Amino acid sequence: MKIHLLLILVFLPLFSFAQSQAEEEKAIANTIQLYFDGMMERDASKLEEAFLPDARLIGYRGDQLFVTPFAEWKAGTAKGSPRNPEEYRNELKNIKIVGEMALAETELFWPGIYYYDYLTLLKVEGKWKIVHKSWWERPLEK
């Protein structure tokens, strides 16, 4: 009986950690989905829910480096009609969590172009928010 109790006391925290880790990954995936949906639907409110207002987006278009404040990126992304989801594929590839910080890798296959994003997230007031997006793009071969 003492051995069973000892095993429970040893493995219960591990189970709790694994469950908590899975819950955090799900919450982060939900934030990333808001990012994807906001871009596809051109929905500023979903983008605002996914990003911290002070976030920065930094990446290369060709040889030119762009540093864009979130508000500016959001305004351009939310313009126009919703995108046709049949022409786009957005994938969450990996999540790494360290404390209240996470790194998510995404791949976006858009008409004629491929984007690879590293999204840094922080847990702010109990919610995961994208605080930085580093991206790289390349034209897709036709």
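**Exercise 1. Describe the second largest pocket of this predicted model: its volume, its lining and the elements behind it.**

*Step 1.* Start with the space: the second largest pocket holds about 170 Å³. On a 1 Å grid over the protein atoms alone, a pocket is an open set of points where a 1.4 Å probe fits, with protein on both sides within 12 Å along at least five of seven lines, and lining residues have an atom within 4 Å of a point. Grid points are joined across faces, edges and corners, and the volume is the space filled by probe spheres set on them.

*Step 2.* Now list the lining: E24, A27, N30, T31, L34, E49, K123, G126, K127, W128 and K129. Two or more of these residues come from each of α1 (2–41) and β6. Helices (H or I, at least four residues) and strands (E, at least two) are DSSP runs numbered from the N terminus. The biggest share, 5 residues, belongs to α1.

*Step 3.* Sort by class, with Ala, Val, Leu, Ile, Met, Phe, Trp, Tyr, Cys and Pro as nonpolar, Asp, Glu, Lys and Arg as charged, and the others, Gly among them, as polar. You should get 3 nonpolar, 3 polar and 5 charged residues.

A note on the model: it is predicted, so local features need pLDDT of at least 70 and side-chain atom pairs pLDDT 80 or more, while totals for chains, interfaces and linings use all residues. Residues are numbered from 1 along each chain as its sequence is written, and side-chain values use heavy atoms, without hydrogens and water.

**Exercise 2. Do the same for the largest pocket.**

*Step 1.* Its volume is about 360 Å³.

*Step 2.* Of its 15 lining residues, R61, W73, T77, K133 and W135 lie nearest the centre. Two or more residues each come from β1 (51–61), β2 (64–69), α3 (70–77), β4 and β6. Here α3 gives the most, with 4 residues.

*Step 3.* The class count is 8 nonpolar, 3 polar and 4 charged residues.

**Exercise 3. Trace how β5 pairs with β4 and with β6.**

*Step 1.* Strands pair if DSSP finds at least two bridges between them. β4 (residues 101–110) and β5 (residues 113–124) are antiparallel over 10 bridges, with E107 opposite Y116 in β5.

*Step 2.* Continue to β6 (residues 127–139), which pairs with β5 in the antiparallel sense over 12 bridges. There, L119 faces K133 in β6.

*Step 3.* Check the turns. The β4–β5 hairpin has 2 residues between its strands, and G112 has a positive phi of about 80°. The β5–β6 hairpin also has 2 residues between its strands, with E125 at a positive phi of about 50°.
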